[in-house]
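Trainee: I would like a close look at one part of this protein. Please take me through the sheet and what is around it.

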Amino acid sequence: MATSSLLFSTSLRTLSSYLPKLDRRRQYNPFLSHFRSLTTRPPPRSLSMATANKKVVEVFDTEEELSVSLAKYTAGLSDKFAKERGSFTVVLSGGSLVKSLRKLVEPPYVGSIDWSKWHVFWVDERVVPKDHQDSNYKLAFDAFLSMAPILPGNAYAINEALTAEGAATDYETCLKHLVHIGVIDKSSVSGFPKFDLMLIGMGPDGHVASLFPGHPLLKENQKWVTHITDSPKPPPDRITFTLPVINSSSHIALVVCGAGKAGAVQSAVGNSHNSDVLSPVQMVSPEGELKWFLDKDAASKL
Ligand SMILES: O=C1O[C@H](COP(=O)(O)O)[C@@H](O)[C@H](O)[C@H]1O
């Protein structure tokens, strides 16, 4: 159970000018001057208009509790989209997030999820062989994909035999085909693919996917998938979804653990703009729901 179970929902876009300073007595409520679980004050008028863009934060005492909640959340969305659309499109990142997906392949979730409906993608991938220790595919495969009865062909790894540029183009072509045949939804708002759930992590510098602070790729607004050959975090050659694709998602779970990321969490969740330049994670603002899963160390500066 989340001891600090949260907490708030709001529109990033419509309420950004409204946001008050953090009230220390309501320490997980950086956005609103009301706190659903602690006060009966009615929400501000503008909140009732904020229907399209929802932000939720959950803080857990331990990573173990976080991973249970993440499995429950993912299984719930799997059920919903499998019934509604006949497929469930899930996007994974690499990094520490992947370990927190382990509960999905344990009871009760492993037996209740309709894995045949799953289509798995990577929000970013390093251009290395699939058995390389830096491969995000390998990380997910070892941690849980190998234990989940996902149909062969429904886990969309990159073609790492290509250059980074070629692999990005190839992946985008694959996504376009899957949108065309209706496996992946398409946003009527942006025209970009609309994934059902993105499970993504964040680096201590606030990077998400392979979109790094200050990098020109943050401005890409045409391509679905792009490439980088100068990643500040090794390995240098990678492909990555672009921000418009990330922000067209139906649901994003941002999963962050550890005190080393508390500063970036504070900037993004607390909306404290210490500079004019937004970090990549501060630019994550999906059409649908953004839900943060934080352990208490990552939330320690909120
Ligand atoms: O390089 C990457 O880093 C981020 C964050 O990784 P973490 O180990 O600090 O959680 C990850 O989300 C991304 O997919 C990966 O390629």
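Mentor: What follows covers the model's confidence, then the sheet, then the helices H8 and H3. The model is predicted, with an ipTM of 0.98 and a pTM of 0.85. The pLDDT averages 85 over the protein, and 81% of the residues score at least 70. Over residues 1-52, however, the pLDDT is below 50, although this stretch has 94 contacts in the model beyond near neighbours in sequence.

Now the sheet. It is open and built from six strands with parallel pairing; read across, the order is S1-S11-S10-S7-S2-S3. The edges are taken by S1 (54-60) and S3 (118-122); each has a single partner strand, so one side of each is left without a neighbour in the sheet. From one strand to the next, the twist averages 15 degrees.

At the S3 edge, strand S2 (residues 88-92) runs parallel to S3 and is joined to it by five bridges. Val90 stands opposite Val120 of S3. Helix H8 (residues 262-269) packs on the sheet, where it touches S1, S10 (251-256) and S11 (289-295). The direction of H8 makes about 150 degrees with that of S11.

Helix H3 (residues 63-85) allows a check of its length. Its 23 residues should span 33 Å at 1.5 Å a residue, because the expected span is 1.5 Å times one less than the number of residues. The end C-alpha atoms of H3 are 32 Å apart, which agrees. After H3 comes Gly86, with a positive phi near 80 degrees.

Notes
Residues numbered from 1 in each chain as written. Predicted model: local features only at pLDDT ≥ 70, side-chain atom pairs only at ≥ 80, totals over all residues. Heavy atoms only, no water. pLDDT = per-residue confidence, 0-100. Contact = heavy atoms within 4.5 Å. Pairing = 2+ DSSP bridges. Helix = DSSP H or I, 4+ residues; strand = E, 2+ residues; numbered from the N terminus. Axes fitted to C-alpha atoms, helices over the stretch in contact; angles between N-to-C directions.
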